[in-house]
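Hi everyone, thanks for coming. I'd like to take you through one protein model today, so get the picture up and follow along with me.

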Amino acid sequence: MTNCILASTSTLYKGTYLDYLLESLCELFKNTDEVIFIPYAQPSGISFDTYETIAKTAFEKIDKEIRSIHRFENPAETISNAKGIFTGGGNSFVLVNELYRLKLIKPLQKIIKNGTPYLGTSAGSNIAGPSIKTTNDMPIVYPPSFNTLSVVPFNINPHYLDPQPNSTHKGETRETRIKEFHKFNSTPVVGLREGSWVRVQNNTLKLIGDGLTARIFEQNKVPFELDANSSLDFLH
């Protein structure tokens, strides 16, 4: 019954917040007028109030109301009763730490797997996989666990970047880091480029994006490119 959009980013090039996803969000949240917003990732350290305002402005364009979970006295109950959920991007470690502190991992996992529509962008997409071990974020706080929702059977690496042939950068590439991950972990990883997302409907997993490919990594296998509008069901 799972019904999710897991996007690499909330903005695309010079577009405003969530602009490139709005048409798809109309379909995702078609059966509810209210979406519970989870702002805990706090991009750039902004306040929950500020982040809520940013999300509200976008969702007003599709006549949906955003209510941030930080305004409710009982976050777990709020999650359990939600008709739609959006977890925004930012720092995945900060997000997961707060979800564990408030005991929201299991309620969130349960309601998503029972069919409540869910949107994740960046860090909000990271938590849909089994762990946040392939995030690009700095570990600025130490959550009780790196394990997350396991809504999809693979980790996502949002904002995936390809090596630039003429770059003078001498540090590790994203591909190198994911290879390091696979020395110790067997979970597949989807390198999700900007402007692409994973559409999850029941047990069906599909890569969406306007002509974009995703980079697929599996333990002990050569990475490869997957075309947009292709199935990701083989990663089950």
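I'll go through the sheets, then a helix, then the cores and the aromatic rings.

One thing before we start: this is a predicted model.

Okay, sheets. Look for the open sheet of 7 strands, which come in the order 3-2-4-5-1-8-9, with mixed pairing. Its edges are strand 3, residues 65–68, and strand 9, and each of those pairs on one side only. From one strand to the next, the twist averages 20 degrees.

Let's zoom in on strand 2. It pairs with strand 3 in the parallel sense, over 4 bridges, and there you can find Phe37 with Ser68 of strand 3 as its bridge partner. Strand 2 also pairs with strand 4, again in the parallel sense, over 3 bridges. Here Ile36 stands opposite Ile85 in strand 4. How much of strand 2 is covered? Mostly covered is the answer, with 4 of its 5 residues buried.

Now find helix 2, residues 48–59. This helix lies across strand 2, strand 3, strand 4 and strand 5, and runs at about 165 degrees to strand 3. Put strand 2, helix 2 and strand 3 together and you have a right-handed β-α-β unit.

At the other end of the strand order, strand 8 and strand 9 pair in the antiparallel sense over 6 bridges. If you want a landmark there, Val198 stands opposite Leu207 in strand 9.

There's another open sheet, this one with 4 strands in the order 6-7-10-11, and its pairing is mixed too. The edge strands are strand 6 and strand 11, residues 224–226. Neighbouring strands here are turned by 30 degrees against each other on average, ignoring direction. Strand 7 and strand 10 pair in the antiparallel sense over 3 bridges, with Val190 matched to Ile216 in strand 10 as its bridge partner. Helix 7, residues 174–181, packs on this sheet and touches strand 6, strand 7 and strand 10. Its direction makes about 160 degrees with that of strand 6.

Next, helix 4. Is this helix enclosed or open? Since 7 of its 10 residues are buried, helix 4 is largely enclosed by the rest of the structure. The buried ones include Phe93, Leu95 and Leu99. What do the buried residues pack against? They pack against strand 2, strand 4, helix 5 and helix 6.

While we're in that area, look at Thr87, which is found in strand 4. Why do we call Thr87 buried? Buried means under 20% relative accessible area, and Thr87 counts as buried because its value is 0%. Leaving aside neighbours within four places in sequence, its contacts include Ile38, Leu95, Tyr118 and Ile127.

On to the cores. The largest nonpolar core has 40 residues, and among those with the most contacts inside it are Leu6, Ile38, Leu99 and Phe154. Several elements supply at least two residues each, including strand 1, strand 2, helix 4 and helix 5. Take Leu6 as an example: beyond its neighbours within four places in sequence, it is in contact with residues including Tyr118, Val152, Leu192 and Trp197. There's also a second, separate core of 22 residues, which includes Tyr17, Tyr20, Val35 and Phe86.

Last topic: aromatic rings. A search of the whole structure finds 9 aromatic pairs. Tyr20 and Trp197 have ring centres 6.0 Å apart and planes at 65 degrees, so this pair is edge-to-face. It links distant parts of the chain, 177 residues apart: Tyr20 is in the loop between strand 1 and helix 1, and Trp197 is in strand 8. Both Tyr20 and Trp197 are buried.

Another pair is Phe93 with Phe146: their centres are 5.8 Å apart and their planes at 80 degrees, so that's edge-to-face as well. Phe93 lies in helix 4 and Phe146 in the loop between helix 6 and strand 6, so the pair ties together parts 53 residues apart in sequence. Are these two buried or partly exposed? Phe93 is buried, at 7% relative accessible area, while Phe146 counts as partly exposed at 32%.

And finally, ring pairs link Phe29, Phe37, Tyr51, Phe59 and Phe86 into a cluster. Phe37 is the residue we met earlier, bridging to Ser68 in strand 3. Over to you for questions!

Notes: Residues numbered from 1 in each chain as written. Predicted model: local features only at pLDDT ≥ 70, side-chain atom pairs only at ≥ 80, totals over all residues. Heavy atoms only, no water. Core = buried A, V, L, I, M, F, W, Y, C linked by side-chain atoms within 4.5 Å. Buried < 20%, exposed > 50% of the residue type's maximum accessible area, 1.4 Å probe, protein only. Contact = heavy atoms within 4.5 Å. Pairing = 2+ DSSP bridges. Axes fitted to C-alpha atoms, helices over the stretch in contact; angles between N-to-C directions. Right-handed = clockwise from strand over helix to strand, strands pointing away. Phe/Tyr/Trp six-rings, centres within 6.5 Å; stacked < 30°, edge-to-face > 60°.
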